[in-house]
Structures are given as structure tokens and as C-alpha cells.
Amino acid sequence: MNAALDNQMNGILEYVKERRAIDFSSYREGTIRRRIAARLAKAGMPDCESYLGYLKENPKEIDALIEALTIKLSYFFRDPLVFEALRHFVIPSLVDIGKEETIRIWCAGCARGEEPYSVAILMKDFFCGEGVCRNVFILATDIDRDALRDAASGIYKADALNEVKKGWLDEYFTKEGDNYRLKESIRSMVAFAYHDITAGASPAEGVFSDYHLIFCRNTLIYFERDMQEKVLQSLYESLLDGGYLALGEAESLSGSLAEAFREIIPGTKIFRKGGSRS
Ligand SMILES: C[S@@+](CC[C@H](N)C(=O)[O-])C[C@H]1O[C@@H](n2cnc3c(N)ncnc32)[C@H](O)[C@@H]1O
């Protein structure tokens, strides 16, 4: 339950949680209000109570509401300067780790795959340029199952690709009508899976542990501050010492977590684990 929302709005969120096991109660009040209001207007419902009734009678509306609440704006190489910093400072240091070690990367809140595939292209390009060969594991997770399905198909409209360098577009994509399909050599580098980052601490062992690099960009921004901190703490635990955390432009670390990381280049929002905190 989100204390800042009235009972009727909480009732809508409760119903979504009951039907789809997604808990939006720790999402920002303003975002929830705006998104529910937009669905109400679209469905032609005068108030939240009527909308809840409508939701119960129209199961497809639950998916439309989840679609509205999980904002999936993304595109390849979003914030190009961040990718430049990754290319020149982060990836070379990852490649320096033991040759037998798999480089582990996790994109939490991956939308339709634009971000993890950008990272895969960057890694592939680096390896080709430097003539090195390394095992790379890229896990990409989200709570929107439709987005994960789209991601796995690797098909994109041209406007998601504006920041892709021409050479990479030619090398890694095939044009299909108005769309572009990502080649298998890049698609096969990314494993997509459903995971809710608000659902509690990630296990200290297993698939959510020992990462060299974690992206969690433009996702925390939709959560209330308490939840942001909880998620950041859990990402901290999923990172190896010396690992990197990339946040979105409007996201930040605070309190003891700000001391536990240092930003590698001011303004990039790429932080390296290894401060005073144990
Ligand atoms: C704005 S997109 C960001 C995509 C990409 N990281 C980027 O920066 O371009 C936010 C993504 O977070 C996902 N998301 C929202 N809440 C989530 C949660 N609790 N667990 C995992 N993913 C979540 C949404 O479905 C959406 O795909």
C-alpha cells in the first residue's frame, strides 16, 4: 500500500498485484497518479472505482495498465558519452581480469533490449579491435514480459537506432522492410529473464551475484526514495569488489552507499564499488 495514494488508487494497485504479482506500491505517487489517470481517460471511466470494475471485467486492461506504469522509453546507446566512458575506461579494465574468468554484466530494467544489446555490440567491437577473446555473460531483466519477448526477437524501428554508428548498423543489423533485425552474433550474447528488482534482496549467490558491471538506468527514478535505496543496496551486494554500477542521468547514490562507490568520471553516473564501506 502506498500511503500517499487514496484507497481507490491503492485498490487498483492491489488488484494488479493479485493478478500479475507486480507490486507498484513503492512507485512514485506522481507517476502512478498520472498513468492511472491516463488509463481512466482512455477507458472513458469517470473515477477510480468505475475503472477498477472495468479492470476486473477486461483482463486485457491489466496489461495496458502495466504497460502504462512501466515506462519503457529506451534506445540504443542512450547517453552516448556514457558508452564512450564504458568503451575507454570500463571495458579495458574488465578485459584485464583473469583470462579464464567470465565477464559478468547485468542490465536491470532492460526494456526491449536496447541497452543490453548496445553493451553486447560494444564488447564485440572491443574484442574484434583488440584481437582478444573472452567469455561474456550478459543478463537482461525486466518485469514487463511483452518487452522481454520483443527484446528476444531483436527487431527494432529505425528511431531506436539513431545513436548506432553507421558501421555497426551495417555490421550487426539486417534491414527488413522498415525495421532492422539484430544479427544472431549479438543476440546470442544476451540472456533475457523476468526479474522484479523491488522484490527483495537478490540472493548473495547464484545468477544475481558476482557481477563486474551492472546497469540500472532510468528505472530507479520511478521508485520512492526508500525503495531506491533498498534496490541500490541489493545491487551493491550483487557487484564484485571493484565492479561498476551505471545509473541513469537523473539517478544518484546517497548516504553510506555514496561512500561505498566513487564515480569514475564526474557526470557519467558510472560508479566503481570500493569505498570505505564493508
Ligand atoms: C525507462 S526504461 C529504462 C530502460 C533502459 N535501462 C534505459 O535506460 O534506456 C525502465 C524499465 O524498467 C522496467 N521496470 C520498472 N519497474 C521494474 C521492476 N520493479 N523490476 C524490473 N524492471 C522494472 C520497466 O518495465 C522498463 O522497461
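Okay, let's start with the rings: there are 13 aromatic pairs in this structure. Keep in mind that we're looking at a predicted model.

One of those pairs is Tyr-27 with Phe-223, and they meet edge-to-face. Their centres are 4.8 Å apart, with 65° between the planes. That angle counts as edge-to-face because it is over 60 degrees.

Now, where do the two partners come from? Tyr-27 is in the loop between helix H1 (7–20) and helix H2 (29–43). Phe-223 is in the loop between strand E7 (211–216) and helix H10 (225–238). So the pair links distant parts of the chain, 196 residues apart.

Tyr-27 also takes us to the ligand, as one of the residues that come nearest to it, along with Ser-74, Asp-142, Asp-196 and Asn-218. In total, 21 residues surround the ligand. That shell divides into seven nonpolar, seven polar and seven charged residues.

What about polar contacts? Arg-78 has a side-chain N or O atom 2.9 Å from a ligand oxygen. The side chain of Thr-219 also puts an N or O atom 3.3 Å from an oxygen of the ligand. With Glu-115, the partner is a ligand nitrogen, 3.3 Å from a polar side-chain atom.

And how much of the ligand does the protein bury? Taken alone, the ligand exposes 600 Å², and 99% of that is buried by the protein. The space the ligand takes up is the largest pocket.

Technical notes. Residues numbered from 1 in each chain as written. Predicted model: local features only at pLDDT ≥ 70, side-chain atom pairs only at ≥ 80, totals over all residues. Heavy atoms only, no water. Near = heavy atom within 4 Å. Polar contact = N/O pair within 3.5 Å; in protein donor to acceptor, adjacent residues only side chain to side chain. Areas by Shrake-Rupley, 256 points an atom, 1.4 Å probe, with all protein chains shown as cover. 1 Å grid on protein atoms, 1.4 Å probe; cavity = no way out; pocket = protein on both sides within 12 Å on 5 of 7 lines; lining within 4 Å. Sits in = over half its atoms within 2 Å of the grid points. Nonpolar A, V, L, I, M, F, W, Y, C, P; charged D, E, K, R; others polar. Phe/Tyr/Trp six-rings, centres within 6.5 Å; stacked < 30°, edge-to-face > 60°. Helix = DSSP H or I, 4+ residues; strand = E, 2+ residues; numbered from the N terminus.
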